[in-house]
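Here are some notes for a colleague who is opening this structure for the first time. Please read them with the sequence and the model side by side.

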Amino acid sequence: MFDEYIPDSLKRATRNKRGSGVRRRVQCSTVVPKNWRDFLRVDANKKELFTFLAEKVPPVDFGQGRAVFVTKGEVVCSPSSCDTLGLTPCNHEEADTRMIVHVAHAVQEGHRMIAIRTIDTADVVVICTAAFHSLACTELWILFGTGANYRTFANYEIAKSLGIQKSRSLPVFHALTGCDTVSHFSGKSKKKAWSTWMLDDEVTEAFFDCPRGPDDVSDESGLPLFT
């Protein structure tokens with residue numbers, strides 16, 4: 001799954017802060033870049049790479065019992081006989097949320113133990129925790145890192161420990177305490193905010209109401225998280 005690069009997106013400012021790199025064409029004859037960080041700092045490089053992979057991967061035969069899905073606006077798969085109903089068209093800007101669409105599709109196909117491989121750990125953990133109770137899978141794992149840094153998260157255990165309301169409120173907490181497109185309150189770390197949240201159920205009620213719109217947050221719900 002790949003991100004979409006929308007010119008006027010809020011994410012564009014975040015990507016610009018990562019610096020600039022060198023534009024390189026992506027073709028079959030292109031030598032693999034030695035400095036991936038510089039290569040991936042250029043949106044045009046990534047868009048061309050993702051399009052290239054989306055075209056070259058589906059024709060490959062990965063063996064019986066295996067299916068590979070690739071998103072590039074539409075969803076294509078190997079083997080081509082795979083059912084993509086409910087997957088395409090996929091207009092999510094970020095792969096982080098596209099993953100949940102594919103998890104739901106896997107559940108629909110009868111899978112109950114699912115693992116997600118990612119490099120964007122924090123955001124994916126938050127999104128998966130929020131979505132878990134709406135999915136019918138029994139186990140949802142998150143895998144990241146390589147070699148000695150390889151780690152696994154039993155995400156389903158996190159979601160079960162928090163419960164439905166706190167799990168679904170987690171994205172609001174993540175945004176209010178600082179994320180890619182939202183600043184955090186000065187001197188207030190996520191750890192401190194988390195400790196406060198776990199002690200006050202009124203905060204959970206307010207967080208739970210926020211996604212439905214400001215008019216739905218009752219006067220009785222408080223946000224004493226940063227006081």
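The points below go through the sheet, the hairpin, the helix contacts and one pocket of what is a predicted model.

1. A good place to begin is the open sheet, in which three strands are arranged in the order 3-4-5 with mixed pairing. Strand 3 and strand 5 (151-154) are its edge strands, each of them pairing on one side only. Neighbouring strands of this sheet are turned against each other by 20° on average, direction ignored.

2. Within that sheet, strand 3 pairs with strand 4 (residues 139-144) in the parallel sense, and the pairing runs over five bridges. For orientation on screen, one can look for R117, which stands opposite L143 in strand 4.

3. Two helices should be viewed together with the sheet. Helix 5 (residues 121-132) packs on the sheet and touches strand 3, strand 4 and strand 5, while its direction makes about 175° with that of strand 4. Helix 6 (residues 155-176) lies across strand 4 and strand 5, and runs at about 125° to strand 4.

4. How do helix 5 and helix 6 pack against each other? Their axes are 7 Å apart and the packing angle is about 105°, so the two helices are roughly perpendicular to each other. On the helix 5 side the contact includes D123, V125, V126 and F132, and on the helix 6 side the residues include Y156, I158, L162 and H174. Sorted by class, the residues of the contact of helix 5 with helix 6 are eleven nonpolar, four polar and three charged.

5. Helix 6 has a further contact, with helix 8 (residues 201-209), where the two axes come within 8 Å and cross at roughly 80°. That crossing makes helix 6 roughly perpendicular to helix 8. Here Q165, K166, R168, S169, V172, F173 and L176 in helix 6 meet D201, T204, F207 and F208 in helix 8. The residues of this contact divide into five nonpolar, three polar and three charged. R168 deserves a second look, since it is listed in the contact of helix 6 with helix 5 and also in the contact with helix 8.

6. Strand 1 and strand 2 (residues 74-78) run antiparallel and are joined by five bridges, with V68 standing opposite S78 in strand 2. The hairpin that they form has one residue between the strands, and G73 takes a positive phi near 90° there. Most residues other than glycine have a negative phi, and most peptide bonds are trans.

7. Which form does the peptide bond from S78 to P79 take, cis or trans? The bond is cis, with omega near 0°, and P79 itself is found in the loop between strand 2 and helix 4. S78 is therefore worth locating on both counts, as the residue opposite V68 and as the start of this cis bond.

8. The last point concerns the second largest pocket, which has a volume of about 690 Å³. Its lining is made up of 21 residues, and A67, V68, F69, H102 and A106 are those that lie nearest its centre. Strand 1 (68-72), helix 4 (95-108) and strand 3 (113-117) each supply at least two residues of this lining. By class, the lining has 14 nonpolar, three polar and four charged residues. V68 thus links two of these points, standing opposite S78 in the strand pairing and lying among the residues nearest the centre of the pocket.

Definitions and conventions. Residues are numbered from 1 along each chain as its sequence is written. This is a predicted model: local features need pLDDT of at least 70, side-chain atom pairs count only at pLDDT 80 or more; totals for chains, interfaces and linings use all residues. Side-chain values use heavy atoms; hydrogens and water are left out. On a 1 Å grid over the protein atoms alone, a cavity is a set of points where a 1.4 Å probe fits but cannot get out, and a pocket is an open set with protein on both sides within 12 Å along at least five of seven lines; lining residues have an atom within 4 Å of a point. Grid points are joined across faces, edges and corners, and a volume is the space filled by probe spheres set on the points. Helices (H or I, at least four residues) and strands (E, at least two) are DSSP runs, numbered from the N terminus. Ala, Val, Leu, Ile, Met, Phe, Trp, Tyr, Cys and Pro count as nonpolar, Asp, Glu, Lys and Arg as charged, and the others, Gly among them, as polar. Two strands pair if DSSP finds at least two bridges between them. Axes are lines fitted to C-alpha atoms, for helices over the stretch in contact, and angles run from 0 to 180 degrees between N-to-C directions. Contact means heavy atoms within 4.5 Å. Angles under 35 degrees count as roughly parallel, over 145 as roughly antiparallel, 65 to 115 as roughly perpendicular and the rest as oblique.
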